[in-house]
Amino acid sequence: MSATPVSHGGFPQARSAEDIARNLAAVRARIVAACARAGRDPAEVRLLPVSKTVEEARIRMAHAAGLSEFGENKVQEAREKAEAMADLPIAWSVIGHLQTNKAKYVARFAAEFQALDSLKLAEALDRRLQIEGRSLDVFVQINSSGEASKYGLAPEGAAAFLRELPAFSALKVRGLMTLALFSADALRVRACFRLMRELRDRLRQETPDGVALGDLSMGMSGDYELAIEEGATVVRVGQAIFGARPLPDSYYWPGGAP
Ligand SMILES: *Cc1c(COP(=O)(O)O)cnc(C)c1O
């Protein structure tokens, strides 16, 4: 199975509704094929389309093609899009690192937050959600590659962290999220995904009441098939649907441009 390739570029631009629909169909077919290789039911895998840097007109096309949720890495961009497209029934998922002082924005518009990585942030989100009278699905981000350039808790710290979360009643814990090593070496990428599945399985046996750890959000355009083979239940796919982004991914990672 390690022959499944990892690719990090060359995704053609999707300019029209037809382009988007065609890419979407191709991604879905690959999800089905990856599930077949792993003996999994495709209904267990949720495709979260990632629309960061994609402008409103093309997101509207994607919505017309049947997509009703989108992942955004930066809260400011996500907020602006949520406001501009408030006429559409879209669920926004914030999938990137969040500064505590921006928790209030996420508490207002997001349906889901996938990058929970500190108690300070959990506290801030919970407080703002209580004020808004809302709850939020959250994923705990784990640094599965050990790279200093990635956010997320060290795998060893996850158990203690999860034990604290029931105190924050507006946070509905759904699972774990990770960004694998950014590498063309499928074996090393796969090792990140496998670590996540093993961690989830171990943690599940000791999670407190109210903390569900069913979901594993892992896999992006270059590596979602590998992630599915290793147990992903959510894949976050942008470029394979919308085309290559003009900005390098490092822009979205710690130390990248603001
Ligand atoms: C951008 C991004 C993705 C999707 O990456 P693609 O290469 O566009 O598929 C997934 N997860 C996170 C956290 C991201 O920032």
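The paragraphs below lead through this predicted model, from the ligand to the nonpolar cores and then to single residues. Because the model is predicted, local features need a pLDDT of at least 70 and side-chain atom pairs count only at pLDDT 80 or more, while totals for chains, interfaces and linings use all residues. Residues are numbered from 1 along each chain as its sequence is written, and side-chain values use heavy atoms, with hydrogens and water left out.

A good place to begin is the ligand. It is surrounded by 13 residues, of which the closest are Lys52, Asn73, Ser221, Gln239 and Arg245; a residue is taken as near a molecule or strand if one of its heavy atoms lies within 4 Å of it. Sorted by class, this shell holds six nonpolar, four polar and three charged residues, where Ala, Val, Leu, Ile, Met, Phe, Trp, Tyr, Cys and Pro count as nonpolar, Asp, Glu, Lys and Arg as charged, and the others, Gly among them, as polar. Lys52 has a polar side-chain atom 2.6 Å from an oxygen atom of the ligand, and Ser221 has a polar side-chain atom 2.5 Å from a ligand oxygen atom. With Gln239 the partner belongs to the backbone, for a backbone N or O atom of this residue lies 2.8 Å from an oxygen atom of the ligand. Taken alone the ligand exposes 380 Å², and the protein buries 97% of that, with accessible areas coming from the Shrake-Rupley method with a 1.4 Å probe and, for residues, only the protein chains shown counting as cover.

Beside Lys52 in sequence, Thr53 is found in the loop between β1 (46-49) and α2. Its phi angle is near 70°, a positive value in a residue other than glycine. Thr53 is partly exposed, with a relative accessible area of 27%; here buried means under 20% relative accessible area, exposed over 50%, and partly exposed in between (1.4 Å probe, protein chains only). Helix α2 covers residues 56-64 and includes Ala64 (helices, H or I with at least four residues, and strands, E with at least two, are DSSP runs numbered from the N terminus). Ala64 counts as exposed, at 67% relative accessibility.

What lies in the interior? The largest nonpolar core has 76 residues, and those with the most contacts inside it are Phe113, Leu116 and Leu125; such a core is a set of buried Ala, Val, Leu, Ile, Met, Phe, Trp, Tyr and Cys residues joined through side-chain atoms within 4.5 Å. Helix α7 (residues 186-204) gives the most to this core, with seven residues. A second, separate core has six residues, including Val50, Ile95, Phe139 and Met177. Leaving out residues up to four places away in sequence, Phe113 touches, among others, Val94, Val106, Leu125 and Phe139, where contact means heavy atoms within 4.5 Å. Val106 itself is found in helix α4 (residues 103-109) and counts as buried, at 0% relative accessibility. Beyond its neighbours within four places in sequence, Val106 is in contact with residues that include Val75, Leu98, Phe113 and Arg134.

Polar side chains also meet within the protein. Glu69, in strand β2 (residues 69-72), makes a polar contact of 2.9 Å with Arg46, side chain to side chain; a polar contact is a pair of N or O atoms within 3.5 Å, and within protein one must be able to donate a hydrogen and the other to accept it, while residues adjacent in sequence count only if both atoms are side-chain atoms. Arg46 is also among the residues touched by Thr233, which is found in the loop between α8 (224-229) and β8 (234-237). At 12% relative accessibility Thr233 counts as buried, and a polar contact of 2.6 Å joins its side chain to that of Asp215.

Two further residues complete the walk. Gln130, in helix α5 (residues 119-132), is partly exposed with a relative accessible area of 43%, and apart from residues up to four places away in sequence it touches Ser169 and Ala170. The C-alpha atoms of Gln130 and Asp87, 43 residues apart along the chain, are separated by 25 Å. Glu206 lies in the loop between α7 and β7 (211-217) and counts as partly exposed, at 44% relative accessibility. Glu206 and Leu162 are 44 residues apart in sequence and 9.5 Å apart in space, C-alpha to C-alpha.
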